Amino acid sequence: RFMNSMTSALQYAHDSGVIHRDIKPGNILLTSRTSDIALGKSLPDDFEPVLTDFGLVRFIDSTQHTTGSGQIAGTPAYMSPEQARGELTDGRTDVYALGIVLYEILAGHLPFEGETTMGVLMKHINEPPAPVPGLPPAIQYILDRALAKDVDDRFQTPAEFGEAFKHAIE
């Protein structure tokens, strides 16, 4: 349900010409119409994730693809390889970042950690994430594809990612 809501929200943004570029847990709020959401308690049945903080947004038809020459913007732990290199970003950047969020949910930790920001960015660029122990192969495949280093090997849209995840968990 979380993934369905998040991929739908991202697809809506992309269809509206907006790339978020900073998908991370801190920019996903959980809300419920019937119950308070509290740390350490089970989520209520009617919980909804809400995507927030469009401060690093890029418009798809914009001629400016990065924040400036040689500059990168975003949260290093969730940056796509192309974003970490300061290259052109598109909707597949958001797919990668949501893949990092999903990895963190399933594994209980981030796939790439390091002593420095540059160390983390280099891992995003060069290292495959370790498989999540005990994860069914169909879900591991979905995760691996979302986190592909080459944008052409990644899910091309959030909707494609969401649909594949839905089928994998069924």
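A residue is termed buried here when its relative accessible area is under 20%. In this predicted model, Asn27 has a relative accessibility of 4% and therefore counts as buried. Asn27 sits in the loop that joins β1 (18–19) to β2. Its C-alpha lies 5.0 Å from that of Thr52, although the two residues are 25 positions apart in sequence.

The loop between β1 and β2 also holds Arg21. With 10% relative accessibility, Arg21 falls under the 20% limit and so is buried as well. The backbone of Arg21 deserves attention, for its phi is near 70°, a positive value in a residue other than glycine. As a rule, most residues other than glycine have a negative phi.

These two residues belong to a chain of 170 residues, of which 44% are buried. The secondary structure consists of six helices and four strands. Along the sequence, the order of these elements is α-β-β-β-β-α-α-α-α-α. Among contacts with a separation of 6 or more, 61% join residues 24 or more positions apart.

The text now turns to a pair of helices. Two packed helices are described by the angle between their axes and the distance between the axes. For helix α3 (residues 91–107) and helix α6 (residues 158–169), the angle is about 30° and the axes are 10 Å apart. The crossing of α3 past α6 is right-handed. On the α3 side, the residues that meet the partner helix are Val95, Leu98, Gly99 and Leu102, and on the α6 side they are Pro158, Phe161 and Phe165. Sorted by class, this contact comprises six nonpolar residues, one polar residue and no charged residues. The polar member is Gly99, because glycine is placed in the polar class here.

Empty space offers another view of the model. Rolling a probe the size of a water molecule over the atoms shows where such space is left. The largest pocket has a volume of about 200 Å³. Its lining is made up of Arg1, Met3, Asn4, Thr7, Ser8, Ala159, Gly162, Glu163, Phe165, Lys166 and Ile169. Helices α1 (2–15) and α6 each supply at least two of these residues, and α6 gives the most, with six. The lining of the largest pocket is mixed in class, with four nonpolar, four polar and three charged residues. Phe165 thus has two roles in this description, because a residue counts as lining when an atom is within 4 Å of a pocket point: Phe165 is listed in the lining of the largest pocket and also in the contact of α6 with α3.

The second largest pocket has a volume of about 150 Å³. Phe2, Pro25, Ile28, Leu30, Val101, Glu104 and Ile105 line this pocket. Strand β2 (28–31) and helix α3 each contribute at least two lining residues, and α3 accounts for the largest share, three residues. By class, the lining of the second largest pocket has six nonpolar residues, no polar residues and one charged residue. The charged residue is Glu104, because glutamate is assigned to the charged class.

Besides the pockets, the structure contains two cavities of 30 Å³ or more. Of these, the second largest cavity encloses about 30 Å³. Its lining comprises Arg21, Asp22, Ile23, Gly74, Thr75, Tyr78, Met79, Gln83 and Ala97. Four of these lining residues are nonpolar, three are polar and two are charged. Arg21, described above for its positive phi, is thus also one of the residues that line the second largest cavity, because its atoms satisfy the 4 Å lining limit.

A last residue stands in contrast to the buried ones. Is Pro128 buried or exposed? Pro128 has a relative accessible area of 65%, and because this is over 50%, Pro128 is exposed. Pro128 is found in the loop between α4 (117–126) and α5 (137–146). Setting aside neighbours within four places in sequence, Pro128 is in contact with Phe112 and Lys149. For Pro128 and Phe112, the separation is 16 residues in sequence and 9.1 Å in space, C-alpha to C-alpha.

Definitions and conventions. Residues numbered from 1 in each chain as written. Predicted model: local features only at pLDDT ≥ 70, side-chain atom pairs only at ≥ 80, totals over all residues. Heavy atoms only, no water. Axes fitted to C-alpha atoms, helices over the stretch in contact; angles between N-to-C directions. Left-handed = near helix turned anticlockwise from the far one by under 90°. Contact = heavy atoms within 4.5 Å. 1 Å grid on protein atoms, 1.4 Å probe; cavity = no way out; pocket = protein on both sides within 12 Å on 5 of 7 lines; lining within 4 Å. Points joined across faces, edges and corners; volume = space filled by probe spheres on them. Buried < 20%, exposed > 50% of the residue type's maximum accessible area, 1.4 Å probe, protein only.
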